[in-house]
Amino acid sequence: MKKYKVGYTTGVFDLFHTGHLELLKNSKNLCEYLIVGVSTDELVYQIKHKSPVIPLCERLEILSAICYVDKVIPQYSVDKLIDWNKYKFDVVFHGDDWKGSEIDLENIKKLKSYSVDFVYFDRGNHLSTSQIIMKIKNS
C-alpha cells in the first residue's frame with residue numbers, strides 16, 4: 001500500500017524531458033492516484049512572462065499518455081486550494097526548486113488545515129526546459 005491515496009503535482013511540462021518524467025515517476029511511487037495540473041498558456045505568461053513552446057492542448061495530450069499519470073487537468077491558477085476543493089488530494093509533489101518560494105509558502109498555509117502534505121524531490125542533474133531552450137538558442 002502506498003503512503004498517499006491521491007497525489008497532485010503541477011507544472012508547465014513544456015519540451016517534456018527526463019526531469020519531468022522523474023517527477024511523475026517519484027510522485028506515483030508514493031500515491032495510488034496521481035493528478036497532474038498542466039499550466040495554461042495564460043498562466044505561464046502571467047508567472048514567467050513568456051509563452052510555452054508547446055501549446056496547452058499538446059502538453060495535456062503528452063501527459064495523458066504517461067503511465068504514471070492517472071488524471072490530467074489544466075491548471076488555471078497557482079492557488080492549489082482551488083483544485084483541492086475539486087479533487088481532495090492528500091499530498092502535493094514538487095521539485096525542490098519550489099521549496100520556500102512565495103507561491104509555495106502561500107499554498108502550504110492555505111492547505112495546512114486540510115492536512116495536505118508537501119513532498120519535494122531533488123531535481124538532480126536534469127536539464128530544465130529553460131536550459132534546453134538556451135542550448136538550442138546558442139547552437
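Tutor: Rings of Phe, Tyr and Trp form a pair if their centres lie within 6.5 Å; planes under 30 degrees apart count as stacked, and over 60 as edge-to-face. The model discussed here is predicted.

Student: Which residues form one aromatic cluster?

Tutor: The rings of tyrosine 4 and phenylalanine 93 have centres 6.3 Å apart and planes at 80°, so this pair is edge-to-face. Phenylalanine 93 and phenylalanine 121 make a stacked pair, at 5.7 Å centre to centre with 20° between the planes. The cluster is therefore made of Tyr4, Phe93 and Phe121.

Student: How many residues apart in sequence are the parts that the pair of tyrosine 4 and phenylalanine 93 ties together?

Tutor: Tyrosine 4 belongs to strand E1 (residues 4-11). Phenylalanine 93 belongs to strand E4, so the pair ties together parts whose separation in sequence is 89 residues.

Student: Is phenylalanine 121 buried or exposed?

Tutor: Buried means under 20% relative accessible area. Phenylalanine 121 has a relative accessibility of 13%, so it counts as buried.

Student: Why are Asp104, Asn107 and Leu111 on the same side of helix H5?

Tutor: Asp104, Asn107 and Leu111 are buried in H5, which spans residues 102-111. Residues three or four places apart in an α-helix point the same way, because there are 3.6 residues a turn. The three buried residues lie on the same side of H5 because they cover an arc of only 65° around the axis.

Student: Which strand gives the most to the largest nonpolar core?

Tutor: This core has 18 residues, and Leu63 and Phe93 are among those touching the most other members. Strands E2 (31-39), E4 and E5 each supply at least two residues. The strand that gives the most, with four residues, is E2.

Note on methods. Residues are numbered from 1 along each chain as its sequence is written. This is a predicted model: local features need pLDDT of at least 70, side-chain atom pairs count only at pLDDT 80 or more; totals for chains, interfaces and linings use all residues. Side-chain values use heavy atoms; hydrogens and water are left out. Buried means under 20% relative accessible area, exposed over 50%, partly exposed in between (1.4 Å probe, protein chains only). The arc is that of the directions from the helix axis to the C-beta atoms. A nonpolar core is a set of buried Ala, Val, Leu, Ile, Met, Phe, Trp, Tyr and Cys residues joined through side-chain atoms within 4.5 Å. Rings of Phe, Tyr and Trp (its six-membered ring) pair if their centres lie within 6.5 Å; planes under 30 degrees apart count as stacked, over 60 as edge-to-face and the rest as tilted.
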